[in-house]
Amino acid sequence: MGQVQGQNILEVEHRQAYHDLIDPSMGYRFGTQLMFLQGKAQLREEQLKLEQFTLMSVNSYNPINPFKTPISWGMALGWQQESLSHGQFSSEQQHGVVSANAQVGYSLADLEHKHLCYAQVKGYLQAGQVIDDGWRVGAAPTVGCLNRWSDKVQSVVQAEIPYWLEQEQWNLRLNTQLQYAFNPQHTVRVQWQYQQQQQDWTKATLGYMWFF
């Protein structure tokens, strides 16, 4: 549950594959994301809509060490709501687009691998009727940090600034999440998202997650 632009929302999410960047580790290396068939439905102003469907999302943040300089990379393919109206950024409306992205860069971590920060370049390809030409491409410098504060508390902060060639404009995007794990099967997560492109757009949610 939460709010988008001051409007109350209720969301239900399900995904087949475990895990994302701040889930309980359960044997996954810190900085690894592997998700398939993730769907999210949203109830907003008495309207039910599909907020997001991710066919695949993979990220591997391999930190630089004294012996090698590995590449950190990621890719995702799916369908999602974007803040668009008549091909332009909108703080009031959202419409669905097919979205594919890929990213590459480098990461650094402390010796205990409790804190990891990364810098990447991300490329976007999106298609949908709401886009003037039916599709658009963009490129985004992206930075972020993953933090494992304890066995139960983890967080992620990310900032990216896509430049959309169709609109010839920059789009600031901030995303931060904080998760508390009661145990490997039950967690609580707080998320805040912000976008700015001549207008401001915000979303804040508080959610319970059950892994089974």
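**Notebook: salt bridges, strands, a disulfide and rings**

I started at D23, which is buried, as its relative accessible area is 1%. My cut-offs for that word: buried is under 20% relative accessible area, exposed is over 50%, and partly exposed lies in between (1.4 Å probe, protein chains only).

Note to self on the model: it is predicted, so I take local features only at pLDDT of at least 70 and side-chain atom pairs only at pLDDT 80 or more, while totals for chains, interfaces and linings use all residues. Residues are numbered from 1 along each chain as its sequence is written, and side-chain values use heavy atoms, with hydrogens and water left out.

**Salt bridges**

Which side chain does D23 meet in a salt bridge? I found R15 there, at 2.1 Å from N to O. The rule I used is a side-chain nitrogen of Lys or Arg within 4 Å of a carboxyl oxygen of Asp or Glu. R15 also counts as buried, because its relative accessible area is 14%.

I then searched the whole structure and got 10 salt bridges. One of them pairs the side chains of E11 and K203, 2.7 Å from N to O. This pair ties together distant parts of the chain, with E11 in strand β2 (residues 7-15), K203 in strand β16 (residues 200-210) and their positions 192 residues apart. For strands I go by DSSP runs of E, at least two residues, numbered from the N terminus.

Is K203 buried or exposed? I noted it as buried, since its relative accessibility is 6%.

K203 turned up again in a salt bridge with E51, at 3.8 Å from N to O. That one is also a link between distant parts of the chain: K203 sits in β16 and E51 in strand β4 (residues 47-60), 152 residues apart. E51 is buried at 9% relative accessible area.

Which residues does the network of shared partners hold? I listed E13, R15, D20, D23 and R189, joined into one network by salt bridges that share partners.

**Strands**

Next I looked at β14 (residues 172-183) and its pairings. My rule is that two strands pair if DSSP finds at least two bridges between them. Strand β11 (residues 153-160) runs antiparallel to β14, and 8 bridges join the two. To pin down the register I picked Q154, whose bridge partner in β14 is Q179.

How many bridges pair β14 with strand β15 (residues 186-196)? I counted 11, again in the antiparallel sense. A hairpin of 2 residues leads from β14 to β15. For the register here I have L178, whose bridge partner in β15 is V190.

**Nonpolar patch**

L178 and V190 came back when I checked the surface. They belong to a nonpolar patch of about 830 Å², which M1, L10, L43, L48, W149 and L206 complete. Patch residues have over 30% relative accessible area and no salt bridge; like charges are joined within 9 Å, and nonpolar side chains (Val, Leu, Ile, Met, Phe, Trp, Tyr) within 5 Å. The areas come from the Shrake-Rupley method with a 1.4 Å probe, and for residues only the protein chains shown count as cover.

I followed up L43, which lies in strand β3 (residues 32-44). L43 counts as partly exposed, because its relative accessibility is 37%.

**Disulfide**

I searched for cysteine sulfur pairs within 2.5 Å, and the count came to 1 disulfide. Which cysteines does the disulfide join? They are C117 and C145, with 2.0 Å from S to S. The torsion about their S-S bond is about 105°, so I wrote this disulfide down as right-handed. It links distant parts of the chain, C117 being in strand β9 (residues 115-127) and C145 in strand β10 (residues 135-148), 28 residues apart. C117 is partly exposed at 35% relative accessible area, and C145 is partly exposed at 24%.

**Rings**

Last job: aromatic pairs. I took rings of Phe, Tyr and Trp (its six-membered ring) with centres within 6.5 Å, calling planes under 30 degrees apart stacked, over 60 edge-to-face and the rest tilted. That gave 5 aromatic pairs. Among them, Y163 and W170 are tilted, with 4.9 Å centre to centre and 55° between the planes. Y163 is partly exposed at 25%, whereas W170 counts as exposed at 51%.

W192 and Y194 are stacked, with 5.9 Å centre to centre and 10° between the planes. W192 is partly exposed at 38% relative accessibility, while Y194 is buried at 17%.

Methods. Helices (H or I, at least four residues) and strands (E, at least two) are DSSP runs, numbered from the N terminus.
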